[in-house]
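User: I am new to this structure and would like a close look at one part of it, the place where two helices pack against each other, with enough of the surroundings to find my way.

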Amino acid sequence: MSLTRKILLIILVTLVLVYILARLIAPQLIDKQYNTLVHAAPYQVSNEAQQLYDSLEFVADLHSDVLLWDRDILKLNNYGHEDIPRMLEANLALQAFTIVNKVPSGLNFKRNSASSDQLTLPFILQGRPISSWFDLTERVLDQSQNLHQFSQKSGGKFTVITSKMSLKSYLAKRKTNKQLTAGFLGIEGAQALQGSLENIDIVYKAGVRMIGLTHFFDNELGGSAHGVAQQGLTSFGRKAVKAMEKKNILIDLSHASPQMVDDVLDIAQNPVIVSHTGVKGTCNNVRNLSDNHLKRIADNGGLVGIAMFKQTVCGTEPRDIAKAIIYTRNLVGVEHVALGSDFDGAVKSIIEVRGLPTIVEALLAQGMPEQEIRQVMGDNVRNFLLTNLPN
Ligand SMILES: [Zn+2]
């Protein structure tokens, strides 16, 4: 073997070893670094709050990004915000799993262009299929498939809900067994459609039942609250909204530009969701909903999930989450409010899933009646899905 060949071989072997090492270590390090907590478990609440929490029939949350990470959610993990064992421990009946599919570099709340994409390297290091390294629709399909696989391997403990019928049969089973949990699939950012209406059918077949129109940058459908132009619905966006409604895919207006929210509400035939947001009334920033938008969403029959991190509620305590919930209830009525944590959404969450009783405690302390707490903690989501999912 010539010297050049030997050197090339050594370089090649080194590169392979570096990849194997990075593949083993990096994904978990990144996950731990991005999904942190203000208050870690165990959580202490009053007897009254715990009893009420334990008696809740249906606890639901409208936003979790956990599928983005290389995490085995069938296992109890000692980091991040959520996995199936913790969902079961927390009496969580339903989680929306919202699929992140493109993240621009230099991410910020004010202005992001669509030109960069930070997800290719993590997807390579996570050992995802090559087809998903550069293709946004494939990223959705891979994460959807993972959720279905978790369900298959869960021994019946975890169900993926895709219709009114599957929700009803899950509810019937859960009546006698609270050691069951479920999820439904959403997408965070319809750039995942890559400008093609046919991809709506493809993601629907993969089980997706909710689509957030924009994420951190403007896309083919219209403007993001954190984009460059922050425009309203484009003509493709109008067609996409109509096509989604026809299939009873829920439209999620989180991260949409104000003009986009208005344009969608002008044409929406079905009630919309805002899966994870704050409200300007308690935390005034570009990410959060104005009073006017809250009223329009309520008029449309929509549902608003209150998120659980500092940038959405302007505080780091469960009482700050409760404040946003109560503000929204006071403005538009309790039936329009729900939880939308943003667990494992690369945020420093105020609590993880096992901390949900602290929200009940904070709502009680702020004078919310028990029946309304039941609605906010999950009954509203259950009723909304029983009405609005495909048959
Ligand atoms: Zn988000």
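The helix pair is described below, after the whole chain and before some other places along it.

Analyst: Please keep in mind that this is a predicted model, and that the description begins with the whole before turning to the part you asked about. The protein chain has 15 helices and 11 strands. Its radius of gyration is 21 Å, close to the 21 Å that the globule rule gives for 391 residues, so the chain is as compact as a globular protein of that length. Taken along the principal axes, the box that its C-alpha atoms fill is roughly 80 × 50 × 40 Å. Of the 391 residues, 49% are buried, and among contacts between residues at least 6 apart in sequence, 74% join residues at least 24 apart.

The helix pair comes next. Two packed helices are described by the angle between their axes and the distance between the axes. Helix α11, which covers residues 291–299, and helix α13, which covers residues 318–332, have axes that come within 10 Å and cross at roughly 65 degrees, and the crossing in which α11 passes α13 is right-handed. On the α11 side the residues that meet the partner helix are Asp-291, Leu-294, Lys-295 and Ala-298, while on the α13 side they are Thr-328, Leu-331 and Val-332. Sorted by kind, the residues of this contact are four nonpolar, one polar and two charged. An α-helix has 3.6 residues a turn, so residues three or four places apart point the same way. With that in mind, the reader can follow Asp-291, Leu-294, Lys-295 and Ala-298 along α11 in the displayed model.

The surroundings of the pair include helix α10, residues 258–267, in which Met-260, Val-261, Asp-263 and Val-264 are buried. These buried residues of α10 pack against α11, and also against α9 (235–246) and β7 (250–252). Leading up to α13 is a loop from α12 (310–313), and Cys-314 lies in this loop. Most residues other than glycine have a negative phi, and most peptide bonds are trans. Cys-314, although not a glycine, has a positive phi of about 55 degrees, and because 15 C-beta neighbours lie inside 10 Å, Cys-314 counts as partly exposed.

Asn-248 is found in the loop between α9 and β7, and phi of Asn-248 is near 55 degrees, again a positive value in a residue other than glycine. With 15 C-beta neighbours inside 10 Å, Asn-248 counts as partly exposed. Leaving aside residues up to four places away in sequence, Asn-248 touches Asn-388, Leu-389 and Pro-390. Tyr-204 is 44 residues from Asn-248 along the chain, and the C-alpha atoms of the two are separated by 9.7 Å.

Some other places on the chain help with orientation. Helix α6, residues 136–152, has 17 residues that at 1.5 Å a residue should span 24 Å, and its end C-alpha atoms are 25 Å apart, which agrees. Its buried residues include Leu-136, Val-140, Leu-141, Leu-147 and Phe-150, and among them are also Glu-138, Arg-139 and Asp-142.

Pro-27 lies in helix α1, residues 3–34, and is partly exposed, because 19 other C-beta atoms lie within 10 Å and a buried residue would need 20 or more. Not counting residues up to four places away in sequence, Pro-27 touches Trp-69, Asp-70, Pro-122, Leu-125 and Gln-126. Arg-71 is 44 residues from Pro-27 in sequence, and 8.5 Å from it in space, C-alpha to C-alpha.

Another proline, Pro-42, lies in the loop between β1 (36–37) and α2 (47–54), and the peptide bond leading to it from Ala-41 is cis, with omega near 0 degrees. Finally, Ser-196 is found in the loop between β5 (181–188) and α8 (198–205), where it counts as partly exposed with 13 C-beta neighbours inside 10 Å. Ser-196 and Thr-159 are 37 residues apart in sequence, and in space their C-alpha atoms are 29 Å apart.

Notes
Residues are numbered from 1 along each chain as its sequence is written. This is a predicted model: local features need pLDDT of at least 70, side-chain atom pairs count only at pLDDT 80 or more; totals for chains, interfaces and linings use all residues. Helices (H or I, at least four residues) and strands (E, at least two) are DSSP runs, numbered from the N terminus. The expected span of a helix is 1.5 Å times one less than its number of residues. A residue is buried if 20 or more other C-beta atoms lie within 10 Å of its own, exposed if 12 or fewer, and partly exposed in between; C-beta atoms are placed from the backbone. Axes are lines fitted to C-alpha atoms, for helices over the stretch in contact, and angles run from 0 to 180 degrees between N-to-C directions. A crossing is left-handed if the near helix is turned anticlockwise from the far one by less than a right angle, and right-handed if clockwise. Two residues are in contact if their C-beta atoms, placed from the backbone, lie within 7 Å. Ala, Val, Leu, Ile, Met, Phe, Trp, Tyr, Cys and Pro count as nonpolar, Asp, Glu, Lys and Arg as charged, and the others, Gly among them, as polar. The radius of gyration is taken over C-alpha atoms; the globule rule is 2.2 Å times the number of residues to the power 0.38.
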